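Here are a few exercises to work through with the viewer open. Try each task yourself before reading its solution.

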Amino acid sequence: MKLQISFFNYDIGKGIESMYKPVPRITGNLRSYMIKVPEIIREASGIVILGRKIKSLAFTTDIAIIENIDADAIWAVYPFTPQPTITHAIMTCSDVPVFCGVGGGVTNGQRSSNLALHAEFQGAIGVVLNAPSSNDTVNMMKQTIDIPVAITVVSDNLQKIEDRINAGADILNVAAGKNTSKVVKIIKQHFSNIPIIATGGGDEEVIKETIEAGANAIIYNPPSTLEIFRSRMDVYRNEY
């Protein structure tokens, strides 16, 4: 199997990487077709978590996607009660760091804290609590685990954000829809030292705006397996 080697250049003025030589990239024939996160995300400062620098996170629990995307980390959050079996499956398959959702809606309190401890034991680099989580849950979790706790923020309510930070939140996950970049900017003006991970959408201009507002890392929502399969089948039909 022949390896494919390519080089990627950073533009001058777009980060510390630009001061170094071109970065070689090596892929195999079978894995040359992968989902690539938008290059604009590389302009983010990144967050160094337990020695790993993270700029891009893929929002997915699909194991096939996880195995075939070039994101720095996986954002494994889903709209159901968190289950240890799902965490275990994702941790077993992922070769990059994983943030695991541990509740915040119906699941809260001691159960969320137990799920966070299980995620840490499985190797998660961090856990994520959704917006409805209580500050007591955040505080309880910080007394239990030794990995970062990210809390989802959906508005620019500075008092609530300060309460989250005081409760022990290590990272703010800004998910404010079309107002995300605005909320990020306001947070950075008042809490400049808190790391921010923000949803970036699929538009590079929106991602760039969010990074310039102060987001340290961006969550990218990749296409679904079905969408990718459709595009591949169109190619196969045209070829054959």
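The exercises below go from the whole chain to single residues, and the model they use is predicted.

**Exercise 1. Describe the overall build of the protein chain: how many helices and strands does it have, and what is its radius of gyration?**

Start with secondary structure: the protein chain holds 8 helices and 12 strands. Next, take the radius of gyration, which is 19 Å; a compact globule of 240 residues would have a value near 18 Å, so the two agree. Then look at the extents: the C-alpha trace covers about 60 × 40 × 30 Å along its principal axes. Finally, turn to contacts with a separation of 6 or more: 57% of them join residues 24 or more positions apart.

**Exercise 2. Work out what the surface and the charges look like: what share of the residues is buried, and how far apart are the mean positions of the charges?**

First the interior: 41% of the 240 residues are buried. Now the outside: the protein chain exposes about 13,100 Å², and 54% of that comes from carbon and sulfur atoms. For the charges, there are 22 positive and 24 negative ones, and their mean positions lie 2 Å apart.

**Exercise 3. Find the aromatic pair and classify its geometry: which rings take part, and at what angle are their planes?**

The count gives 1 aromatic pair. The ring centres of W75 and F99 are 5.2 Å apart; their planes meet at 40°, which falls between the 30 and 60 degree limits, so the pair is tilted. Now place the partners: W75 sits in strand β6 (residues 73–76) and F99 in strand β7 (residues 98–101), so the pair ties together parts 24 residues apart in sequence. As a last step, check burial: both W75 and F99 are buried.

**Exercise 4. Decide for T152 and for T92: buried or exposed?**

Take T152 first, in strand β9 (residues 149–153). Its relative accessible area is 9%, under the 20% cut-off, so T152 is buried. Beyond its neighbours within four places in sequence, T152 touches V128, L129, N130, A131, N173 and A175. You can also check S133, 19 residues away along the chain: its C-alpha atom is 8.8 Å from that of T152.

Now go to T92, in helix α2 (residues 84–93). Here the relative accessible area is 55%, over the 50% cut-off, so T92 is exposed. The C-alpha atom of Q122, a residue 30 positions from T92 along the chain, is 8.5 Å from that of T92.

Terms used. Residues are numbered from 1 along each chain as its sequence is written. This is a predicted model: local features need pLDDT of at least 70, side-chain atom pairs count only at pLDDT 80 or more; totals for chains, interfaces and linings use all residues. Side-chain values use heavy atoms; hydrogens and water are left out. Helices (H or I, at least four residues) and strands (E, at least two) are DSSP runs, numbered from the N terminus. The radius of gyration is taken over C-alpha atoms; the globule rule is 2.2 Å times the number of residues to the power 0.38. Buried means under 20% relative accessible area, exposed over 50%, partly exposed in between (1.4 Å probe, protein chains only). Contact means heavy atoms within 4.5 Å. Accessible areas come from the Shrake-Rupley method with a 1.4 Å probe; for residues, only the protein chains shown count as cover. Lys and Arg count as positive and Asp and Glu as negative; His and the chain ends are not counted. The place of a charge is taken as NZ of Lys, CZ of Arg, CG of Asp or CD of Glu. Rings of Phe, Tyr and Trp (its six-membered ring) pair if their centres lie within 6.5 Å; planes under 30 degrees apart count as stacked, over 60 as edge-to-face and the rest as tilted.
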